[in-house]
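This report goes through one protein chain and the molecule bound to it. The parts of the chain come before the details of its backbone.

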Amino acid sequence: MATLEPGLVISNEQLAADLFELELIAPQTALLCQPGQFLQIRIDVNHDPLLRRPISVYDVNQERGTISLLYKVVGRGTNLLTAVKAQEYLDIMGPLGKGFSLPDTAGRVVLVGGGVGIAPLLYLARRLQEMKCEVTVLYGAGSSKDLAAAQRFENLGVELLTATMDGSQGCKGLVTDLLRQQIKPEAIDRVYTCGPEIMMAAVADFAVHRKIWGECSLEENMACAVGACLGCARKLKSTDPGYVKVCKDGPVFSLHDIELYNGGLA
Ligand SMILES: Cc1cc2nc3c(=O)[nH]c(=O)nc-3n(C[C@H](O)[C@H](O)[C@H](O)COP(=O)(O)OP(=O)(O)OC[C@H]3O[C@@H](n4cnc5c(N)ncnc54)[C@H](O)[C@@H]3O)c2cc1C
Ligand code: FES
């Protein structure tokens, strides 16, 4: 179920050159949010840009009725979003999509996030921790200043390991190197991932070969985000006869049901 609710912005803070965290009050929507779901945001009241923009639920506080979003400035819509000020209202629709599946019992779980793909993993980590799961977060970015969500995971008290391409924080290299070096496959029950598709393909490779349960969150350009326009349709596997709608059937899919773009590697 999704609602249309004006969200009262509490803050819209710049965390890094192109990363912002926005918090708003939207009690009806907050009550419905599940990890991995997203909001469709109308950026401008004058409908320019016309289409809403999808942004993942980063964190939720149901008691306060608040939702946090972590967003990267990439184009016109996200640029305009940076100008939204506290006490202004944002027109939000959500929560939308099928989020991450939570386990029935506590277990050992690894979350792998790359860049702003870390966003849907924070609320997931919170919910897994409430279920007494042992949570390890692997978080990769270009450099230390891009690891803008690290503090939020540290505040949660989950184990956090970082990787940066320039070596300015944590392990130097890819977050998937960290996965292969630091995680004993036999010691984990589940893996969840979000980030660049090529990164998620490496995580899928790790999980599928070792028969570890896993889910990933996909990104596709979206128009309606409610399953009506087919703008987000894609095949999960090249041999599939039909298409899924990422906005409605996803954005979360099993790592075992999908072929991800792996950069042409065999
Ligand atoms: C389910 C879902 C959840 C998302 N969650 C987040 C999030 O939590 N934080 C965040 O920063 N971003 C998130 N995104 C991506 C975000 O929606 C786009 O970056 C945003 O719509 C770009 O809008 P714009 O007007 O700034 O850019 P535009 O001017 O529309 O586009 C600028 C560039 O970004 C690319 N782009 C636009 N939309 C997408 C998209 N959906 N996926 C990939 N590339 C895109 C365009 O191809 C273009 O190259 C999510 C996308 C989806 C589908
Ligand atoms: S965005 Fe319209 S069907 Fe998915």
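## Where the two domains meet

In this predicted model, 19 residues of domain 1 are in contact with 20 residues of domain 2. Five strands each supply at least two residues of the side of domain 1 that touches domain 2: S1 (3-16), S3 (38-42), S4 (53-56), S5 (59-61) and S6 (66-72). Among them, S6 gives the most to that side, with 3 residues. Sorted by class, the side of domain 1 that touches domain 2 has 13 nonpolar, 3 polar and 3 charged residues.

The bounds of the domains can be read along the chain. Domain 1 covers residues 3-96, and domain 2 covers residues 108-254. The C-alpha centres of domain 1 and domain 2 lie 21 Å apart.

## The shell around ligand 1

Ligand 1 is surrounded by 21 residues. The closest of these are Ser-56, Gly-75, Gly-77, Thr-78 and Ala-119. By class, the shell around ligand 1 divides into 11 nonpolar, 5 polar and 5 charged residues.

Strand S4, strand S6 and helix H2 (76-81) each supply at least two residues of this shell. Strand S4 gives the most, with 4 residues. Strands S4 and S6 were also named above, since each supplies at least two residues of the side of domain 1 that touches domain 2. Where does ligand 1 lie with respect to domain 1 and domain 2? Both domains give residues to the shell around ligand 1, so the ligand lies between them.

## Two packed helices

Two packed helices are described by the angle between their axes and the distance between the axes. Helix H5 (residues 175-182) and helix H6 (residues 197-209) pack at an angle of about 15°, and their axes are 9 Å apart. Because angles under 35 degrees count as roughly parallel, H5 is roughly parallel to H6. The crossing in which H5 passes H6 is right-handed.

Which residues of H5 and H6 meet? On the H5 side they are Val-175, Thr-176, Leu-179 and Arg-180, and on the H6 side they are Met-199, Ala-202, Val-203 and Phe-206. By class, the contact of H5 with H6 has 6 nonpolar, 1 polar and 1 charged residues.

## Details of the backbone

A cis peptide bond joins Gly-94 and Pro-95, with omega of about -5°. Pro-95 is in strand S7 (residues 89-96). Another cis peptide bond joins Gly-250 and Pro-251, and here omega is about 15°. Pro-251 is in the loop between strand S15 (244-245) and strand S16 (252-254).

Lys-132 has a positive phi of about 70°, although Lys-132 is not a glycine. The place of Lys-132 is the loop between helix H3 (119-130) and strand S9 (134-141).

Notes
Residues are numbered from 1 along each chain as its sequence is written. Chains are lettered from A and ligands numbered from 1 in the order in which they are written. This is a predicted model: local features need pLDDT of at least 70, side-chain atom pairs count only at pLDDT 80 or more; totals for chains, interfaces and linings use all residues. Domain bounds come from an automatic or database domain assignment. Two residues are in contact if their C-beta atoms, placed from the backbone, lie within 7 Å. Ala, Val, Leu, Ile, Met, Phe, Trp, Tyr, Cys and Pro count as nonpolar, Asp, Glu, Lys and Arg as charged, and the others, Gly among them, as polar. A residue is near a molecule or strand if its C-beta atom, placed from the backbone, lies within 6 Å of it. Axes are lines fitted to C-alpha atoms, for helices over the stretch in contact, and angles run from 0 to 180 degrees between N-to-C directions. Angles under 35 degrees count as roughly parallel, over 145 as roughly antiparallel, 65 to 115 as roughly perpendicular and the rest as oblique. A crossing is left-handed if the near helix is turned anticlockwise from the far one by less than a right angle, and right-handed if clockwise.
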